[in-house]
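Take a look at how the parts of this chain meet. Start with the overall layout, then move in to the boundary.

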Amino acid sequence: MSQRVYIFDTTLRDGEQSPGCSMTVPEKLKVGAKLVDLGVDILEAGFPIASQGDFDAVQAVSQEFPWVQVAALARCTKMDIERAAQSLSTAKRPRIHTFMATSDIHLKFKFKKSREQVLEDIVNSIRLARQYCDDVEFSAEDASRTDLDYLELVSREAVAAGARTINLPDTVGYSVPSEYAVMIGRIVKALGDTAIVSVHCHDDLGLAVANSLAAVEAGARQIECTINGIGERAGNCSLEEIVMIFKTRNDKAPFTTGIRTEHLYAASQALTSCISFGPQPNKAIVGENAFAHEAGIHQDGYLKNKSTYEIIDPKSVGVPEGRLVLGKHSGRHALKQRCSDLGYGDLSKEELDAVYQGFTALADRVKGVRNEAIADLCREATSARQPA
Ligand code: KIV
Ligand code: ZN
């Protein structure tokens, strides 16, 4: 089995549909351009039946980036599928992504339909989608809470009806890795090489990335994920985290993607500029503090050799250098280095003492001392120097 994992980005669909994240068509094009730079394999640009904006976004993204595979979401209804097909009518590499819930909870409370009726709707919808598009993906919504025998039957029938990708979402973020891996492994075995098994994990228990990793280990070869992990409720599997796991721990997770990781930070920043919040400061890979070392012991070790406290080279994910945050836990060594970076590499012992005293007084009052303030202290400490 190939170790290449396809990255299906749903920042512009699942991500966009969460509170504070709606984007206009120009904003979707701006973020879309960054996703293209990153090299995502499939770019889900919207849910065309949901709004005219979503319809226009799918059309605009597929026209702007004709070489990219663009997906449009549709429920298993004639109206949705035709609308998705229409939005993709000028796309060079269209994918219709149709979905229907398969768990008994959803069948009972949402659809009030039997398993047989739901299976029939799924098969008919996939056949209809195939009339418009060769590349059809089916998602069994709430797969992780679906009876496994029924899920296997649905997956087999979906492939027989023409789906090429079977996505098995943990829609409510309920699964744990060992359990999710069993489900994925069973469907991978049942489908063999007739379809790609895909995963789509939500983060309600903080396990979206772990579940996606477990799924890939069990044979899934497509991951649905988003930049900054945005998405419904607690969000989706974070693209930057799962990709960097494969890159950083390839010894334990020997999978490859087509992602050019040095574009990760720019993609995260572009998204942040279009929605109403950014990643939390301690967010892995793209958070403000992801590569910041404040504790003196850490800074000292880091300055001697970065590998002491850094497992990822910030440049490999596009993060600019010079992000050591100096605060009250920082030591003289880190301060001396910063003074030098700021052009004061020739401080005498007395001058450095004066800067250090001023710095610790400031650090007691503020969280993180800015470079400007340190430069001021250096200027003050060296102001008494005799002209050469
Ligand atoms: O979470 C989910 O189940 C979804 C599907 C529409 C793929 O977003
Ligand atoms: Zn979702």
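What follows goes from the domains to the residues at their boundary.

The model is predicted. The domain assignment splits the chain in two. Domain 1 runs over residues 6–274, and domain 2 covers 292–382. Measure of their spacing comes from the C-alpha atoms: the centres of domain 1 and domain 2 are 44 Å apart.

Now turn to the boundary. Here 7 residues of domain 1 contact 9 residues of domain 2. Contact in this case means heavy atoms within 4.5 Å. Together the two domains bury about 570 Å² between them. Carbon and sulfur atoms account for 63% of that area. On the domain 1 side, three residues lose the most area to domain 2: Met244, Thr248 and Tyr265. Jointly they make up 69% of what that side buries.

Next, the polar side of the boundary. Between domain 1 and domain 2 there are 0 salt bridges. Polar contacts do occur: 3 residue pairs link the domains this way, with both residues at pLDDT 80 or more.

Which helices supply the domain 1 side that touches domain 2? Two of them, α10 (239–248) and α11 (264–274), each supply at least two residues. Helix α10 gives the most, with 3 residues.

Finally, consider residue class. The side of domain 1 that touches domain 2 has 3 nonpolar residues. It also has 2 polar and 2 charged residues. Charged residues are thus present on that side, while the salt-bridge count between the domains is 0.

Notes. Residues numbered from 1 in each chain as written. Chains lettered and ligands numbered in written order. Predicted model: local features only at pLDDT ≥ 70, side-chain atom pairs only at ≥ 80, totals over all residues. Heavy atoms only, no water. Domains from an automatic or database assignment. Buried area = accessible area lost by both parts, 1.4 Å probe. Salt bridge = Lys/Arg side-chain N within 4 Å of Asp/Glu carboxyl O. Polar contact = N/O pair within 3.5 Å; in protein donor to acceptor, adjacent residues only side chain to side chain. Helix = DSSP H or I, 4+ residues; strand = E, 2+ residues; numbered from the N terminus. Nonpolar A, V, L, I, M, F, W, Y, C, P; charged D, E, K, R; others polar.
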